[in-house]
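Visitor: Before we go through the labels one by one, could you show me the model and then set each label against the rule behind it?

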Amino acid sequence: MPKETQKDTKRATDKGEDKKRRSKKDPSAPKRGLSAYMFFSQENRAKVKEENPTATFGQLGKLLGEKWKAMSDEEKKPYIEKAEKDKERYEKEKASQK
């Protein structure tokens, strides 16, 4: 009969009531602010998809990431400004919810 490993005993205890539960997210909570990269990817995803019609979702993300890394700070500036404005919006909504 095989020895019971520490991994096996941990699995057995995880299935019980000792398991930590996540609290449900408040549906009325404000949406988090988007990053500068997310604003960039939203704006450019369709163009990259058009250039690479057979690319999968993961491949599109990789292509967008490469484009983002190749950009200069000056080219990223409009997206960074959008992200800062969105962060301010999130902070205001979060403060007004309490």
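Guide: What follows is a conversation about a predicted model, taken label by label.

Visitor: What makes up the overall fold, and which pattern does the chain follow?
Guide: The chain has four helices and zero strands, and, read from one end of the sequence to the other, the pattern is α-α-α-α. Buried residues account for 18% of the 98 residues in the chain.

Visitor: Why is the contact between Y37 and W68 called an aromatic pair, and what makes it edge-to-face?
Guide: The structure holds five aromatic pairs. In the one formed by Y37 and W68, the ring centres are 5.9 Å apart and the planes stand at 75°; since a pair requires centres within 6.5 Å and edge-to-face requires planes over 60 degrees apart, both labels apply. Y37 lies in helix α2 and W68 in helix α3 (residues 57-70), so this pair ties together parts that are 31 residues apart in sequence.

Visitor: How do you know whether W68 is buried or exposed?
Guide: W68 has a relative accessibility of 15%, and because the word buried is used for values under 20%, the residue is called buried. Its partner Y37, at 24% relative accessibility, counts as partly exposed.

Visitor: Why is the pair of F40 and W68 called tilted?
Guide: For F40 and W68 the centre-to-centre distance is 5.3 Å and the angle between the planes is 45°; because stacked is kept for planes under 30 degrees apart and edge-to-face for those over 60, the remaining label, tilted, is the one that fits. F40 belongs to helix α2 and W68 to helix α3, so the pair ties together parts that are 28 residues apart in sequence. F40 itself is buried, with a relative accessible area of 4%.

Visitor: Which residues do the ring pairs link into a cluster?
Guide: The cluster consists of Y37, F40, W68 and Y79, linked by ring pairs. Y79 also appears in another spatial relation: M38 and Y79 are 41 residues apart in sequence, while their C-alpha atoms are 8.5 Å apart in space. M38 is found in helix α2 and is partly exposed, with a relative accessible area of 36%.

Visitor: How do you know that E43 and K82 form a salt bridge?
Guide: Side chains of opposite charge can pair when their charged atoms come close. For E43 and K82, the closest N and O atoms are 3.1 Å apart, and because the rule asks for a side-chain nitrogen of Lys or Arg within 4 Å of a carboxyl oxygen of Asp or Glu, the contact qualifies. E43 lies in helix α2 and K82 in helix α4 (residues 73-97), so the bridge ties together parts that are 39 residues apart in sequence. Both ends are partly exposed, E43 at 46% relative accessibility and K82 at 35%.

Visitor: How many salt bridges does this rule give, and what makes D86, R89 and E93 a network?
Guide: The count comes to four salt bridges. D86 forms one with R89, the closest N and O atoms being 2.8 Å apart, and E93 forms one with R89 at 3.0 Å; D86, R89 and E93 are thereby linked in a network of salt bridges. D86 and R89 both lie in helix α4, three residues apart, about one turn of the helix, while E93 and R89, in helix α4 as well, are four residues apart, again about one turn.

Visitor: Why is D86 called buried when R89 is called partly exposed?
Guide: D86 has a relative accessibility of 13%, whereas R89 has a relative accessible area of 26%; because buried means under 20% and partly exposed covers the range between that value and 50%, the two residues receive separate labels. E93, with a relative accessible area of 32%, is partly exposed.

Visitor: Which residues form the positive surface patch, and why is R32 called exposed?
Guide: The positive patch is formed by K25, K31, R32, K87, K94 and K98. Among them, R32 lies in the loop between α1 (6-14) and α2 (36-51). R32 has a relative accessibility of 63%, and because exposed means over 50%, the label follows.

Key:
Residues are numbered from 1 along each chain as its sequence is written. This is a predicted model: local features need pLDDT of at least 70, side-chain atom pairs count only at pLDDT 80 or more; totals for chains, interfaces and linings use all residues. Side-chain values use heavy atoms; hydrogens and water are left out. Patches are made of residues with over 30% relative accessible area and no salt bridge: like charges are joined within 9 Å, nonpolar side chains (Val, Leu, Ile, Met, Phe, Trp, Tyr) within 5 Å. Accessible areas come from the Shrake-Rupley method with a 1.4 Å probe; for residues, only the protein chains shown count as cover. Lys and Arg count as positive and Asp and Glu as negative; His and the chain ends are not counted. The place of a charge is taken as NZ of Lys, CZ of Arg, CG of Asp or CD of Glu. Helices (H or I, at least four residues) and strands (E, at least two) are DSSP runs, numbered from the N terminus. Buried means under 20% relative accessible area, exposed over 50%, partly exposed in between (1.4 Å probe, protein chains only). Rings of Phe, Tyr and Trp (its six-membered ring) pair if their centres lie within 6.5 Å; planes under 30 degrees apart count as stacked, over 60 as edge-to-face and the rest as tilted.
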